[in-house]
Amino acid sequence: MSTIPHPELERFRTEFPILQTRTYLNSCSLGALSRRSMGYLGEYQALWNTMGASAWYELWMGRIGQLKQSVATMWNAQESEIALSPSVSGALSSIASSIDYTKRNKVVVAELDFPTLVYQWLARPDVEVVRVPSDDGIGIPPERWAQYVDERTALVATSHVFYSTGYIQDLSGAAKAARDNGALFLVDGYQAAGQITVDPRAVDADIYVAGPLKWLLGGPGLAFLYVRQERIAELRPTIASWFGARDQFQFRNDELEFRDDAGRFSMGTPAVPTVYTALGGLEIFAEAGQEKAYERIAALTADLVGLVDEQGWEMKISREPAHRSGIILVRHDDAARAVRQLADRNIIVDHRADYVRVSPHFYNTPDESRMFIEALRQV
Ligand SMILES: Cc1ncc(COP(=O)(O)O)c(C=O)c1O
């Protein structure tokens with residue numbers, strides 16, 4: 001049996017009811033729901049029942065601020081650099097609306113990026129979208145970005161971790177290409193946040209987006225948007241909401257002055273239930289210790305890759321551990337059927353095209369990986 005670091009983190013397993021009844025290896029789609037988040041949700045419901053609308057002003061707005069502060073702390077940012085949006089797509093739309101494409105009309109993305117990241121600019125007839133190709137379908141070497149970015153480029157936008165292969169990008173090449181050409185640099189960190197360190201300034205991102213749904217264990221309904229302080233003023237959205245207005249509670253509708261902070265990119269009333277469940281997820285992370293959680297995911301991934309190799313099964317994953325994260329794609333002729341049959345055995349994984357997709361989180365164990373391998377052998 002391999003040694004996975006920080007076995008003490010397995011104490012958090014009791015926090016997650018699904019882990020008591022299932023082998024849950026699908027955190028890259030949806031992180032497990034914790035008792036902590038359920039407790040928070042109970043508090044939210046109780047306040048709604050007892051206080052009605054006054055819960056808004058007295059408590060829910062405070063929780064929204066608390067969530068933004070928690071994200072800021074986790075990402076080594078200022079609270080004023082964080083906005084909440086209903087989804088990553090919503091956050092990206094707001095950013096896409098803020099860029100002037102008249103002088104620079106090119107946006108450079110990667111062919112491995114999640115569709116919603118690319119759609120923001122494919123939806124705009126005034127923008128030329130350039131997709132940086134991948135040779136192996138797994139990753140992109142950092143030096144490649146320079147070949148595609150030029151003085152016509154308004155924005156370089158790509159993923160920190162590719163959803164399709166779990167590949168951790170070395171973002172230095174994309175960031176430098178953007179800087180050298182005076183373009184903005186945006187990172188979609190949805191598959192990164194909660195499984196590797198996120199520090200937008202350290203990767204030289206002007207904009208960084210992620211959300212609580214997956215590795216951060218907070219459920220659907222919100223996204224987190226970071227905009228670097230120095231960039232906020234120059235990015236003036238052309239889609240708007242009253243949450244983005246400077247004096248929101250003045251209710252003026254004869255003029256619009258955007259907030260001076262990243263809150264200008266907010267898109268209306270946030271999903272308060274998710275604010276509560278997200279707080280539960282982030283709290284558990286902070287208690288587990290992010291670095292320990294990340295080390296555990298890396299070790300569980302290495303262990304699982306070794307097990308798949310022993311079976312001689314094909315994988316779509318980087319062979320370099322530094323580029324690997326907890327998203328492991330195992331080739332299967334009928335991946336959809338395999339995933340259904342594994343679910344019948346209470347093993348929850350996912351599929352993408354001809355691959356079974358497995359994603360261990362810090363709360364998983366090496367035994368669960370072995371159960372998965374054994375079950376996949378049988379189906
Ligand atoms: C990397 C990445 N970006 C964006 C999204 C979609 O985000 P949203 O549904 O919040 O728009 C996903 C969802 O799976 C994703 O994996």
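How do the residues of the shell around the ligand divide into nonpolar, polar and charged? In this predicted model, the split comes out at 4 nonpolar, 4 polar and 2 charged.

As for who is in that shell, the ligand has S87, V88 and S89 around it, along with F114, T116 and Y163, and the list is rounded off by D188, Y190, Q191 and K214. Tyrosine is counted as nonpolar here, so Y163 and Y190 go into the nonpolar group together with V88 and F114. The charged pair is D188 and K214, which leaves S87, S89, T116 and Q191 as the polar members.

Three of these residues also turn up in polar contacts with oxygen atoms of the ligand. S89 puts a polar side-chain atom 2.5 Å from a ligand oxygen. With V88 it is the backbone that takes part: one of its polar atoms sits 2.8 Å from an oxygen atom of the ligand. Q191 comes in through its side chain again, with a polar atom at 3.3 Å from a ligand oxygen. On its own, the ligand would expose 400 Å², and 82% of that is buried by the protein. As for where all this happens, the ligand sits in the largest pocket.

Zooming out to the chain, the domain assignment gives two pieces: domain 1 covers 7-33 + 290-378, while domain 2 runs over 41-284. Their C-alpha centres are 27 Å apart. The contact between them draws on 29 residues from domain 1 and 23 residues from domain 2.

Terms used: Residues are numbered from 1 along each chain as its sequence is written. This is a predicted model: local features need pLDDT of at least 70, side-chain atom pairs count only at pLDDT 80 or more; totals for chains, interfaces and linings use all residues. Side-chain values use heavy atoms; hydrogens and water are left out. A residue is near a molecule or strand if one of its heavy atoms lies within 4 Å of it. A polar contact is a pair of N or O atoms within 3.5 Å; within protein, one must be able to donate a hydrogen and the other to accept it, and residues adjacent in sequence count only if both atoms are side-chain atoms. Accessible areas come from the Shrake-Rupley method with a 1.4 Å probe; for residues, only the protein chains shown count as cover. On a 1 Å grid over the protein atoms alone, a cavity is a set of points where a 1.4 Å probe fits but cannot get out, and a pocket is an open set with protein on both sides within 12 Å along at least five of seven lines; lining residues have an atom within 4 Å of a point. A molecule sits in a cavity or pocket if more than half of its atoms lie within 2 Å of its grid points. Domain bounds come from an automatic or database domain assignment. Contact means heavy atoms within 4.5 Å.
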